[in-house]
Amino acid sequence: MRRAGPLRLTPTPVFRFAPSPNGELHLGHALSALTGFQMARAAGGRFLVRIEDIDPQRTREAFVRQIFEDLAWLGLHWEEPVMRQSDRFAVYGSAADALRARGLLYPCFATRREIEEAVAARPGGVDPDGAPLYPGLSKGMTPEDVAARSARGDPYCLRIDMGRAVDEVRAILGGAALDFTELGGDGAMRRVVADPARWGDAIIVRKDTPASYHLAVVVDDAAQGVTHVTRGQDLFAATDLHRLLQVLLGLPAPLYHHHPLLLDGEGRKLSKSARDTSLRQLREAGVNREGVLEMAGIDPDHFAHN
């Protein structure tokens with residue numbers, strides 16, 4: 001393992017915090033935002049906030065406003081204007097079209113129930129998140145069948161043909177391994193060999209919006225010149241898929257730092273869906289900023305002087 005030199009690089013390092021406005025920020029979000037902000041400050045870099053409001057059914061403007069309030073209360077400041085994914089659907093569509101034109105994406109009309117029934121009848125492997133791998137129900141459809149179902153208005157997502165994509169990446173890299181650099185909290189860097197095939201034919205464009213998280217995040221990071229991606233350890237495996245898309249789309253590879261997760265007393269990660277204590281609730285309960293920093297594992301004195 002080699003040790004990184006000073007974080008100051010040329011060009012100026014760019015860090016970002018990219019929350020989804022589908023719930024209130026909690027302590028886990030505070031840790032992620034503070035980690036990126038601290039690393040940006042230590043590197044003399046830039047810190048961005050990006051609103052990942054790609055899901056129109058769950059996005060709430062009230063949560064967008066509260067994100068800014070919470071981050072400002074924590075003592076963070078960021079560049080304006082703030083990028084919003086809902087403004088960039090055409091950009092994602094162009095990226096998806098480029099992949100589809102090369103035969104790397106195919107339409108999947110299968111419903112969740114159909115997939116569940118197919119998996120139950122013939123169990124296979126699971127992806128890094130523990131979900132069953134897609135059993136390929138729509139993969140062999142003819143262009144005529146696709147056109148007919150599309151004409152009927154049947155909804156479909158676009159999945160990546162993982163085998164073909166891996167082969168193309170191997171050719172692009174001249175046989176070299178697909179990898180990324182992980183930056184540890186101690187400044188040490190290590191090379192990680194990516195294995196996107198373990199995700200199977202993952203969804204790249206959802207049925208209800210012209211992208212998935214995976215496509216949007218790599219396109220946006222490149223557009224904003226992000227050099228350091230800081231996020232929770234729960235997204236470590238997703239980096240395999242992100243690196244695959246970066247190579248296929250000719251996008252630069254940032255450095256990655258996946259910080260440890262904050263867990264509750266039962267060992268599960270904090271989440272919006274589980275209604276964990278939000279920053280707003282903590283604030284209203286009288287917990288001050290220093291108290292929240294300590295709860296997130298950040299030394300208030302260190303934060304104040306760096």
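**Strands, rings and a cis proline**

In this predicted model, Asp179 sits across from Val193 of strand β8. That pairing belongs to a β7–β8 arrangement: strand β7 (residues 179-183) and strand β8 (residues 188-193) run antiparallel and share 5 bridges. The hairpin they make has 4 residues between the strands, and Gly187 adopts a positive phi there, near 90 degrees.

Strand β10 (residues 228-232) is another matter to look at. It is mostly covered, with 5 of its 5 residues buried. Its partner is strand β11 (residues 255-259); the two run parallel and are joined by 5 bridges. One contact to look up on screen is Arg231, whose bridge partner in β11 is His258. Helix α8 (residues 238-249) comes into the picture too, as β10, α8 and β11 make up a right-handed β-α-β unit.

On to the aromatic side chains. The structure has 6 aromatic pairs. Among them are Phe68 and Trp78, which count as stacked because their ring centres are 6.0 Å apart and their planes meet at 25 degrees, with the cut-off for stacking set at under 30 degrees. Phe68 belongs to helix α2 while Trp78 is in the loop between α2 and β4, so the pair ties together parts 10 residues apart in sequence. As for cover, Phe68 is partly exposed, at 27% relative accessible area, whereas Trp78 comes out as buried at 19%, because the cut-off for buried is under 20%.

Phe180 and Phe236 also form an aromatic pair, this one edge-to-face, with 5.6 Å from centre to centre and 65 degrees between the planes. This pair links distant parts of the chain: Phe180 is in strand β7 and Phe236 is in the loop between β10 and α8, 56 residues apart. Both Phe180 and Phe236 are buried. Tyr256 joins in as well, and Phe180, Phe236 and Tyr256 form one aromatic cluster.

Two arginines turn up over aromatic faces. Arg159 lies over the face of Tyr134, 3.8 Å from the ring centre. Arg283 does likewise with Trp73, at 5.1 Å from the ring centre.

One backbone detail rounds things off. The peptide bond from Glu80 to Pro81 is cis, its omega being near 0 degrees. Pro81 is located in the loop between α2 (61-73) and β4 (83-84), and Trp78 of the stacked pair is also in the loop between α2 and β4.

Notes
Residues numbered from 1 in each chain as written. Predicted model: local features only at pLDDT ≥ 70, side-chain atom pairs only at ≥ 80, totals over all residues. Heavy atoms only, no water. Buried < 20%, exposed > 50% of the residue type's maximum accessible area, 1.4 Å probe, protein only. Pairing = 2+ DSSP bridges. Right-handed = clockwise from strand over helix to strand, strands pointing away. Phe/Tyr/Trp six-rings, centres within 6.5 Å; stacked < 30°, edge-to-face > 60°. Lys NZ or Arg CZ within 6 Å of the ring centre and 35° of its normal.
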